[in-house]
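Reader: Could we go through the salt bridges of this model together?

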Amino acid sequence: MEDILSKEEVRKKFKSDFERGLKQGEAEARLETFGKNILNHEKKQNILIKFLKQFNDFMIIILIGAAAVSAAMAKIYGTGDYIESIIIIAIVVFNAIMGLVQENKAERSLEALKKMSAPVAKVIRDGKQNIIDTENVVPGDIVILEAGNYVPADCRIIESFNLKIDESSLTGETVPVLKDDKEANNSEEPNNMAYGATMITNGHAKAMVVKTGMETKVGKIAKIISEDEAPQTPIQRKLEEVRKKLRNSLLNNMWVNICDRSV
């Protein structure tokens, strides 16, 4: 949205000053309103708890029950044939391990995103340049972007000089993108935004922060990773097919019984 607004419209929207930046008191008030500029995610669970959660599925519980019944029958009748029970338990445990691995991959992806945030940012407040913790950057802050630095949050570029940004963390594009402070027009896509967790590879710029924390592009990616369910393991897909077949079979039997009673 901010990329199609003029610089003056952006300034008015965030009630800031391109030269003097925010007043310190206003910045502190906005920090209370918008929260810290960090990527939030759920607290890590103990690996044992995560492993046990993999068994929290109706069909998995049925399989474990079937294995227990099979082992009990082998014990009662003295056959000593526990192969079937062992195979079932082995499959269930393997499925749990695969699910745990997928969860850990998602957590590592979140950690990688967090590491792409610079610890400090250069901002202009009360007309002076200050080095502050990146987590204290707020919408309306005027930030100085320089080669070698990570962009602290999503920003609208106000001034730029030969600015190039590596956006591979967001787009996968390995070639740095040339940015400018030009406003949108009908002939081309505006390229006047710098996004959090991307890296300045060349040039420098002055920009106004427009989104922080989980509202940034990288924040939305982190939210998808943390909230999206891990893909099903092969056995889970098979069990889901069995579940659907059992459900349809039960529904058909119920319908037949209803029809028989009505005749």
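Author: What follows is a short exchange on charged side-chain pairs. This is a predicted model, in which local features need pLDDT of at least 70, side-chain atom pairs count only at pLDDT 80 or more, and totals for chains, interfaces and linings use all residues. Residues are numbered from 1 along each chain as its sequence is written, and side-chain values use heavy atoms, with hydrogens and water left out.

Reader: How many salt bridges does a search of the whole structure find?

Author: The search finds 9, a salt bridge being a side-chain nitrogen of Lys or Arg within 4 Å of a carboxyl oxygen of Asp or Glu.

Reader: Which residue pairs with D181?

Author: K7 does, with the closest N and O atoms 3.0 Å apart. The two residues are 174 residues apart: K7 is in helix α1 (residues 7–14), and D181 is in the loop between β5 (177–179) and β6 (193–194). Helices (H or I, at least four residues) and strands (E, at least two) are DSSP runs, numbered from the N terminus.

Reader: Turning to helix α2, is R30 buried or exposed?

Author: R30 is buried at 9% relative accessible area, whereas its partner E26 is partly exposed at 35%. Buried means under 20%, exposed over 50%, and partly exposed in between (1.4 Å probe, protein chains only). Their closest N and O atoms are 2.7 Å apart.

Reader: And what does K122 meet?

Author: K122 meets E146 in a salt bridge of 3.4 Å, N to O. K122 lies in strand β1 (residues 120–125) and E146 in strand β3 (residues 142–146), so the pair ties together parts 24 residues apart in sequence.
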